[in-house]
Amino acid sequence: MDDLERELRDLSAWLETPDAPDVTASVRVRLTRPARRWRPLAAAALVAVVVAVVPPTRAAVADAVTGLLRFAGVSIATTPTPTLPGDTPSPLPGQRTLALDEAQRAVRFPIRQPAQLGPPERVLVADPDATGTCRVATLLYDGGALRIDAFDGRLNLAFHKEVMPPGAAWVQVDGDFAIWVDGPHALSYVDRAGEVRQETARLAASTLIWQMGDVSYRLEGAVGRAEAIEIARSLR
Amino acid sequence: MEPPTRGRCHECDPNGGLPLDDDALVTRARAGDLEAYDLLVARHTASAHRTAVLLGAGSDSEDVIQEAFVKAYRKLSRYRGESSFRSWLLAIVANETRNLHRSRGRRDGLVLRAAAADPTSEIAEDGAVSAVLAGERRASLVEALRQLPVRDREVIVCRFFLDLSEEETVAALGWPRGTVKSRTSRALAKLRGLLDREEVRHG
């Protein structure tokens, strides 16, 4: 090998190549659909694809223009400048602590528990309608450091997140699509009228969002992606 | 990256416990095992992406490799295993990159890391001087590469930047072996010429 060849090999390390994106999920999504010729932008691919995968009533809708992604009752806006929540966020509207069996009677969907974590330390329900039926049930673990919010997946939006780029990543829980938001982000409650309740805005830890049998879940806490997925898979 | 479903371990052979090689994964993927294909995608994303970037796909590299992985899956039955899965895949990436150039009418050039022109001040003075010289040399090399005809640059990228063997370059670029050989030496000769001229100009 002469000098120029050696120099070229050495140059290789100095060439700017951005970190490789993770395309596993997006490739998989395209492979599970019938073949079609198109060359989409990555964001546009998500729109078409996710709508095809989940039933339309709880379809995830990504808006390529605003960067807003809706999935499982959660909207996710990717913005370099998230609105920072205040110091003392309000709890979800009408939130109260109940025993597990009372909580089950207060919501219309089944409350499932992750086998991985066992029974919760506390159970909360929130946002009752006129008949007292609540919209959200929350299981708390580790003194509240780890929480699972469950809400009816057929409902409209229940939470709004603002995340910094790169924002949210597609992952899978038991072969179904899920979203992983890595790192702290602003989280607000979206009430029945579709209003973002700014007073509930707080800084949320890393979160996994998934759906199982018409119920939407968000798991939040100091756990890594793999661990969060394991917990999600253990819901019974 | 993490395999999305840790419980069902496809990376491991259920009997031997060893990671499956590409050929075994290809066989499974061909039979419709998408999780096996996920693993192939994850395993080869980095080199596919680097190939697309170095061949000039720039900010469209993600689209290019996504398209390439989808096409590769659909063509999997035609992969006969004469070359490695990697070089067969890189051929598809190279082809997709060419399609991209055709559709948008430009290709993005090679970009040197900022560090190349900015040796850290902690290096001793002699070191700093030679680092500056080395940085300048790299910059003129990149400049010379930019002036090469496309096919010459492609063969340089494959042989020296992606470190593909002659055989793998044959597979990746889809040229006859003789063409790869002659094109490589011609490209190197042209580069030498361009660099000499550069040196003359700078004294």
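Let me start with chain B. In this predicted model, chain B has eight helices and zero strands. Read from the N terminus, its elements run α-α-α-α-α-α-α-α.

Some overall values for chain B come next. The chain has 203 residues, and buried residues make up 48% of them. Taking contacts between residues at least 6 apart in sequence, 62% join residues at least 24 apart. The exposed area of chain B is about 10,000 Å², and 51% of that is supplied by carbon and sulfur atoms.

Staying with chain B, I will take two of its helices. Helix H7 covers residues 166–173, and its buried residues are B:Glu166, B:Thr169, B:Val170, B:Ala172 and B:Leu173. After H7(B) comes B:Gly174, which has a positive phi, near 70°.

The other helix is H6, residues 150–161, and it brings us to the cavities. How many cavities of 30 Å³ or more are there? The count comes to five. The second largest has a volume of about 80 Å³. Which helix of chain B gives the most to the lining of that cavity? Helix H6 does, with four residues. The lining of the second largest cavity includes B:Val150, B:Arg153, B:Glu154 and B:Val157. Also in that lining are B:Leu54, B:Leu55 and B:Gly56, as well as B:Arg107, B:Asp108, B:Gly109 and B:Leu110.

Now cysteines. Searching the whole structure gives zero disulfides over all chains. Two cysteines can be placed by their accessibility. B:Cys158 has 2% relative accessibility, so it counts as buried, the cut-off being under 20%. A:Cys134, at 5% relative accessibility, also counts as buried.

On to chain A, and one residue in some detail: A:Arg147. This arginine is found in strand E7 of chain A, residues 146–152. Is A:Arg147 buried or exposed? It counts as buried, because its relative accessibility is 15% and the cut-off for buried is under 20%.

What does A:Arg147 touch, leaving aside its neighbours within four places in sequence? One set of contacts is A:Thr138, A:Leu139 and A:Leu140. A:Arg147 is also in contact with A:Arg202, and with A:Arg218, A:Leu219 and A:Glu220. A:Gly221 is 74 residues away from A:Arg147 along the chain, yet their C-alpha atoms are separated by 6.5 Å. Within its own strand, the side chain of A:Arg147 makes a polar contact with the side chain of A:Asp149, at 3.1 Å.

Last, two aspartates in loops of chain A. A:Asp127 has a phi near 55°, a positive value in a residue other than glycine. The loop that holds A:Asp127 runs between strand E5 (122–126) and strand E6 (136–141). A:Asp142 also has a positive phi, near 50°, and is likewise a residue other than glycine. Its place is in the loop between E6 and E7 of chain A.

Which of the two words, buried or exposed, applies to A:Asp127? A:Asp127 counts as buried, because its relative accessibility is 8%. A:Asp142, on the other hand, has a relative accessible area of 55% and is therefore exposed, the cut-off for exposed being over 50%.

To recap those two: both have positive phi values, with A:Asp127 buried and A:Asp142 exposed.

Conventions
Residues numbered from 1 in each chain as written. Chains lettered and ligands numbered in written order. Heavy atoms only, no water. Buried < 20%, exposed > 50% of the residue type's maximum accessible area, 1.4 Å probe, protein only. Contact = heavy atoms within 4.5 Å. Areas by Shrake-Rupley, 256 points an atom, 1.4 Å probe, with all protein chains shown as cover. Disulfide = S-S within 2.5 Å. Polar contact = N/O pair within 3.5 Å; in protein donor to acceptor, adjacent residues only side chain to side chain. 1 Å grid on protein atoms, 1.4 Å probe; cavity = no way out; pocket = protein on both sides within 12 Å on 5 of 7 lines; lining within 4 Å. Points joined across faces, edges and corners; volume = space filled by probe spheres on them.
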